[in-house]
Amino acid sequence: MAKDFPTRAENYSQWYNDLVIKADLAENSAVRGCMVIKPYGYAIWEKVQAALDKMFKDTGHVNAYFPIFIPKSFFSKEASHVEGFAKECAVVTHYRLKNSPDGKGIIVDEEAKLEEELIVRPTSETIIWDTYKNWIQSYRDLPILINQWANVVRWEMRTRLFLRTAEFLWQEGHTAHATRPEAVKEAETMLHIYADFAENWMAMPVLKGVKSPAERFAGAVETYAIEALMQDGKALQAGTSHFLGQNFAKAFDVKFLSRENQLEYVWATSWGVSTRLMGALIMSHSDDNGLVLPPKLAPIQVVIVPVFKTPEQLALISETVVPIKKALESKGVSVKFDDRDTHKPGWKFAEYEFKGVPVRLTVGPRDIEQGTIEVARRDTLEKETLQIKDIENKIVHLLDAIQSNLYQRALSFRENNTFRVDSWEEFKIVLDTTGGFISAHWDGTSETEERIKEETKATIRVIPLNNMPEEGRCVYSGKPSTQRVIFARAY
RNA sequence: CGGGGUAUAGCGCAGCUGGUUAGCGCGCCUGCUUUGGGAGCAGGAGGUCGCAGGUUCGAAUCCUGCUACCCCGACCA
């Protein structure tokens, strides 16, 4: 048990906060609401980026970069978009500072006021569509399949490391298409890529679906989302993909001549995942002993801890261990051999366990004598002593086993915490006891959704894709319903 | 932006009904013994007590103003 670390049962929220800090992932900065992502946390993010970036490129997308500043006037061009973001924008109004007349410090030079204020991007649809206008004249210019990796700013009232910060890192894809079906298909393709990444890299099962109109992205015709269930029974929106229709094309006047020589508006999508995925990753697998990382995203997959008293012993151990390290690395496994003599083995065990390193190998004098090695896995905390022979292949298989065990564990947690509910009483009981996903009938109106939110803080997380039609009565209003939707309290 | 709270060593805190030299735990440094689950002992370094002003012989302690942060709401990827 890690010292000075709360259990999940004691206080889930504090457990999360402490974990992020003590596992050295991130910390609060001098700027309110903005985090410093520390090297270990950033290394995980880089793995996330690398995997996603490859998936995007494999599906024909290319990267580009657009400005961090957006002229204020751009924002007002799409009505629902501005309404959605206006309340959380950082605005640049001046471009120069000067020495304060009273000699104390430095002040804004009022003479250096911008003609037009600049918004620090909360998302880039507007600047990008203003740009696409110049790039698109013909159906031959389409599709445009661009992604950018960037930082964005949303001036949130209350922030939490990774889950909600005023500045965050993300990728945003912005595509332009000649036809509606092609754009819809793009939005769905990207949703499936996100789900694939969540499940196969993060080992995090997700529900795929569309958002209700009330939860839809500002400016979208349809918002697709992947939704994951955290260990405390709350839902987390892990990624969104939007079919934007022709809303932005109309707002920015982006038209093209079709094959039929018709002037038409362009169809659009946008899609994104953010550093919030880090929060999802942490809350999906970690335990009361600290972080638990799926091998595919762990910066260090295997750590080797030598047990030694003298430099001679360490040299002897190194002779055994260094070839193992090289053999593993040649199989694409990242290995750290921690031969520091400034920390004791017990300290290192605790340290790497807390940081979620999937596999730990321990080699000491006993092992050298007997040709063995101790293998400890982080997910189950099991230890066993194995013969060194063929250890590389055993480790590679173990990493795969850990990856799939984490997924299975998270999947059964979700299954055990998903409830089919048919009465309002039961609906409230589930929320007040276990939490989790609630599959219930909904009459399809925003009024009912709003009432449920007011009374229980639960919202519709997704209307699942490929939902089976089912006659029923709305769990709240009792009105006829044609399908079940997923409710939960959410982050 | 409403309601509550806090500010003292790198971190977490005590001291605060005015009174010596501001203390404790963790961490850090040195030495010796240790090293297979966060070692022990000894010694040591580290502070404009958030900022500005006031009361007083004397202020971390009392008063006023400011600032920052935290918690609970409203808002949210």
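**Contact between domain 1 and domain 2**

Between domain 1 and domain 2 there are 2 residue pairs in polar contact, both at pLDDT 80 or more, in what is a predicted model. The side of domain 1 that touches domain 2 draws at least two residues from each of three helices, namely α1 (12-22), α2 (39-58) and α6 (180-200), and of the elements on this side it is α2 that gives the most, with 5 residues. When the residues on this side of domain 1 are sorted by class, 10 are nonpolar, 1 is polar and 3 are charged.

The two domains belong to chain A, for which the domain assignment gives domain 1 as residues 12-69 together with 130-285, domain 2 as residues 295-402, and domain 3 as residues 418-488. The contact between domain 1 and domain 2 takes 14 residues from the former and 7 residues from the latter. The centres of domain 1 and domain 2, taken over C-alpha atoms, are separated by 37 Å.

The area buried between domain 1 and domain 2 comes to about 1000 Å², and carbon and sulfur atoms give 70% of this area. On the domain 1 side, Tyr-40, Lys-47 and Trp-201 supply 56% of the area that this domain buries against domain 2, which is more than any other three residues supply.

As for charged pairs, the count between domain 1 and domain 2 is 1 salt bridge. A salt bridge is formed by Asp-24 with Lys-355, in which the closest N and O atoms lie 3.8 Å apart.

Terms used:
Residues numbered from 1 in each chain as written. Chains lettered and ligands numbered in written order. Predicted model: local features only at pLDDT ≥ 70, side-chain atom pairs only at ≥ 80, totals over all residues. Heavy atoms only, no water. Domains from an automatic or database assignment. Contact = heavy atoms within 4.5 Å. Buried area = accessible area lost by both parts, 1.4 Å probe. Salt bridge = Lys/Arg side-chain N within 4 Å of Asp/Glu carboxyl O. Polar contact = N/O pair within 3.5 Å; in protein donor to acceptor, adjacent residues only side chain to side chain. Helix = DSSP H or I, 4+ residues; strand = E, 2+ residues; numbered from the N terminus. Nonpolar A, V, L, I, M, F, W, Y, C, P; charged D, E, K, R; others polar.
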